Amino acid sequence: MAEPGDGNPFRLDSAALLEEVQLFQRRLAEGVGKLREIGAVEVGATPREALYSEGKLTLYRYAPARPRPELGPLLIVYALVNRPYMVDLQPDRSLLRGLLDAGLEVYLVDWGYPDAGDRELTLDSYVNGYLARCVDTVCARHGGRPLNLLGICQGGTLSLCYAALHPERVARLVTMVTPVDFQTPDNLLGHWARELDVDLLVDSLGNVPGEWLNWVFLALKPFRLTGKKYVDLLDLCDDADQLRNFLRMERWIFDSPDQAGEAFREFVKAFYQRNALVDGSLELGGRRVDLRALSMPLLNVYATEDHLVPPAASQALRGLVGCDDYTEYAFRGGHIGIYVSSRARAVPGRIADWLAARAGSAP
Amino acid sequence: MLGTRCFAQPTFRAPPDYNGDPTGSATAVTGRAGRKRMTEQQTSYDDWARSWLESQQQAWQALLRQGTPAAGLGDPEAAFADWLGGSASLGGDVGARLVAQAQQFLQLAEALGTVLAEPPPATGDAQGWQALLDTTFTRLRTALESADADLPGGTLGGLLDAWQQLTARIDLPAGSAEAPAGPAQAAYLAALQAYGTRLTAIQAEALERLQRELAEQFAAGGRIGSLRQLYDLWVEASEAVYAEHAVTAEFAAGQAGLAHALCRLHQAGQAQATATRDGLLQGAAALRRELERLRDELARAPAAPRSDGDG
């Protein structure tokens with residue numbers, strides 16, 4: 001039997017290893033049992049009202065307890081590829097609740113789950129159709145004045161397109177973990193997407209299954225995302241609340257809607273393969289999307305450890321926009337940590353402060 | 001969804017060839033740690049293996065006490081999935097993934113156990129330990145590169161599970177690896193095989209990386225104080241190797257190629273279904289024409305004499 005000592009690279013022996021294994025197995029048995037007991041978990045903690053719906057889309061309104069009307073309404077545009085409840089995962093992990101606490105009246109676009117009937121939807125449908133009508137709905141409730149737009153991840157890219165095409169409707173623009181330059185060297189998704197025959201994908205499958213997205217996302221860091229994460233979970237098994245937190249996150253990760261085929265085709269071709277926001281070649285609804293038209297104040301929030309949208313992909317915005325009032329906020333964390341980590345609690349305050357500093361200024 | 005590897009190994013159930021003899025003297029015990037050693041010098045290893053086996057039994061019994069169906073009741077994977085709550089249960093899904101990954105962790109423990117259970121190197125110094133470690137890693141790599149790809153490093157099974165969940169969503173023509181239904185299926189299976197081979201190669205390279213990094217740590221006086229520490233190092237090494245491959249053109253092409261092959265297979269299945277549908281429609285159209293021809297013929301035919309005999 002090996003014994004710890006000089007020359008032995010292991011500071012443990014068979015007995016210590018066995019003890020660790022037995023502890024691990026005991027925790028495994030307990031953990032599996034607790035997971036079974038917990039069952040379903042709820043997400044989307046904050047009360048809301050459905051204000052407008054169209055097709056699969058629903059526009060929600062969230063009312064602050066102590067409104068600060070001078071800040072103006074804030075419309076959150078989330079990505080198509082994931083569900084928007086990430087911004088309101090649970091009461092103590094909620095970007096949305098933080099914004100409400102700051103006095104903002106918040107609206108959220110929920111794109112829903114596209115089905116076969118949505119296959120022909122295009123980027124134009126999403127930007128100049130659905131999103132434009134949501135903006136109109138919110139603006140109409142606020143005297144027709146332009147609103148504040150907060151675009152997140154892919155929703156940020158769509159928001160940039162909308163704001164560039166309709167700058168008069170957007171008073172202030174906030175982008176969060178938003179890809180702009182899709183071909184930075186460290187963008188693994190971009191690297192892979194350039195090899196993809198998206199015509200074949202969409203022509204054969206129609207809508208792109210959410211499971212395909214899951215596979216691609218997991219493939220970015222497979223050992224951590226499909227392996228270590230679950231081993232680490234055993235460290236949380238004594239704490240039912242932590243276990244529920246994990247389950248909420250797990251639910252979100254695998255809750256990937258199918259993607260409307262034509263819009264997906266356009267998105268991959270225009271952004272990942274042509275880098276059209278950077279080269280200015282994007283056209284939607286017959287109009288060119290020129291980021292120099294973004295003259296409103298702009299806050300660009302990115303995450304320093306983001307493996308999906310590398311910082312450089314977001315920071316590229318600085319050199320492309322036409323506004324004088326451009327601010328960057330580097331969040332120390334990852335693409336998901338920006339919503340749910342302990343440091344994430346500072347994010348809504350930073351956004352609200354930035355808006356407040358510009359409240360009352362002419363759009 | 002339940003990971004397909006949950007029950008591929010005996011970690012959480014009584015080994016089927018375990019005969020109750022904890023010394024393993026009469027029967028080879030299932031699992032690498034339990035492989036029988038017959039020499040006197042390796043008695044300590046048998047002791048360790050017995051303890052190991054007992055801990056496996058205890059873990060399984062712990063699951064049984066919570067209501068897990070007993071081993072041998074039909075399909076254990078299906079039974080376990082039912083017990084966890086099935087695919088309709090989030091906790092069940094996560095529990096299945098947890099069990100699958102815990103299995104990988106325990107296999108690493110098993111491998112480490114073989115190192116710790118070996119008699120101390122004759123030289124008893126760092127070089128001797130390094131030689132022992134090298135031997136163990138060589139054994140691991142050899143096993144990984146063979147068909148037995150369930151050794152430590154097999155965590156990429158989760159990625160393959162994700163792929164399987166995708167293929168389950170898509171209509172694909174019937175067929176098998178042994179008898180592919182057509183060229184599209186053969187091409188798909190080849191792409192899948194190539195993808196799996198690439199992942200296996202990455203895992204093998206990750207073991208080399210881990211071995212190298214351990215050697216560097218040991219040379220600098222670093223020590224491994226727990227299995228968990230070794231596991232974390234292994235994951236870091238694996239992710240680093242994977243990242244190096246993932247940015248290459250070959251990897252991107254291979255990954256896209258797999259998706260393309262799946263699409264073409266789906267298209268082939270649709271073409272097959274379309275051909276079948278068209279054939280049915282053509283048959284129906286021919287029947288309709290024949291029916292119309294008969295109806296016309298009947299209409300043109302002179303009235304037949306009535307058969308009730310009134311003429």
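User: Before we start, what does it take for two residues to be in contact here?

Analyst: Happy to begin there! In this predicted model, C-beta atoms are placed from the backbone, and two residues are in contact if those atoms lie within 7 Å.

User: Then which residues does Y242(B) touch, not counting residues up to four places away in sequence?

Analyst: Let's first place the residue: Y242(B) sits in helix α7 of chain B. Leaving out residues up to four places away in sequence, its partners include I202(B) from its own chain. The full answer is P222(A), F223(A) and I202(B).

User: Why does Y242(B) count as buried?

Analyst: A residue is buried if 20 or more other C-beta atoms lie within 10 Å of its own. Y242(B) therefore counts as buried, and the number behind this is 24 C-beta neighbours inside 10 Å.

User: How far apart in space are Y242(B) and L199(B), C-alpha to C-alpha?

Analyst: Along the sequence, these two residues of chain B are 43 residues apart. In space, from C-alpha to C-alpha, the distance between Y242(B) and L199(B) is 8.4 Å.

User: How many Å does α7(B) reach from its first C-alpha to its last?

Analyst: Helix α7(B) has 20 residues, and at 1.5 Å a residue a span of 28 Å is expected. Along this helix, buried residues include W234(B), V235(B) and Y242(B). The reach of α7(B) is close to the expected value: 28 Å.

User: What pattern does chain B follow along the sequence?

Analyst: Start by counting elements: chain B has 8 helices and 0 strands. Reading along the sequence, you therefore meet helices alone, as the run detection that numbers them from the N terminus gives no strand. The pattern is α-α-α-α-α-α-α-α.

User: What share of the residues of chain B count as buried?

Analyst: Take the whole chain, which has 311 residues. For its contacts with a separation of 6 or more, residues 24 or more positions apart account for 68%. The buried share of chain B is 36%.

User: Which helix gives the most to the side of chain B that touches chain A?

Analyst: Here 72 residues of chain B are in contact with 59 residues of chain A. Several helices give two or more residues to this side of chain B, among them α1, α6 and α8 of chain B. By class, the side has 41 nonpolar, 25 polar and 6 charged residues. With 18 residues, the helix that gives the most is α3(B).

User: Which helix gives the most to the largest nonpolar core?

Analyst: In soluble globular proteins, nonpolar side chains tend to be buried together. The largest nonpolar core has 171 residues, and L75(A), I76(A) and L99(A) are among those that touch the most other members. Beyond its neighbours within four places in sequence, L99(A) is in contact with residues including V106(A), P348(A) and I351(A). The top giver, with 14 residues, is helix α3 of chain B.

User: Which strands are at the edges of the open sheet in chain A?

Analyst: The sheet has 8 strands in the order β1-β2-β4-β3-β5-β6-β9-β10, with mixed pairing. Neighbouring strands are turned by 20 degrees against each other on average, direction ignored. An edge strand pairs on one side only, and in chain A these are β1 and β10.

User: In which sense do β9 and β10 of chain A pair, parallel or antiparallel?

Analyst: The two strands are joined over 6 bridges, and V301(A) stands opposite Y329(A) in β10(A). Helix α14 of chain A lies across β5, β6, β9 and β10 of chain A, running at about 170 degrees to β10(A). The sense in which β9 and β10 of chain A pair is parallel.

User: How many buried residues does β1(A) have?

Analyst: β1(A) runs antiparallel to β2(A), joined by 5 bridges, and S53(A) stands opposite T58(A). The two strands form a hairpin with 2 residues between them, and G55(A) in the turn has a positive phi of about 60 degrees. β1(A) is hardly covered, and among its 6 residues the buried count is 0.

User: What is phi of V177(A) near?

Analyst: Most residues other than glycine have a negative phi. V177(A), in the loop between β6 and α5 of chain A, has a positive value although this residue is not glycine. With 27 C-beta neighbours inside 10 Å, V177(A) counts as buried. Its phi is near 40 degrees.

Technical notes:
Residues are numbered from 1 along each chain as its sequence is written. Chains are lettered from A and ligands numbered from 1 in the order in which they are written. This is a predicted model: local features need pLDDT of at least 70, side-chain atom pairs count only at pLDDT 80 or more; totals for chains, interfaces and linings use all residues. Two strands pair if DSSP finds at least two bridges between them. Helices (H or I, at least four residues) and strands (E, at least two) are DSSP runs, numbered from the N terminus. Axes are lines fitted to C-alpha atoms, for helices over the stretch in contact, and angles run from 0 to 180 degrees between N-to-C directions. A residue is buried if 20 or more other C-beta atoms lie within 10 Å of its own, exposed if 12 or fewer, and partly exposed in between; C-beta atoms are placed from the backbone. A nonpolar core is a set of buried Ala, Val, Leu, Ile, Met, Phe, Trp, Tyr and Cys residues joined through C-beta atoms within 7 Å. Ala, Val, Leu, Ile, Met, Phe, Trp, Tyr, Cys and Pro count as nonpolar, Asp, Glu, Lys and Arg as charged, and the others, Gly among them, as polar. The expected span of a helix is 1.5 Å times one less than its number of residues.
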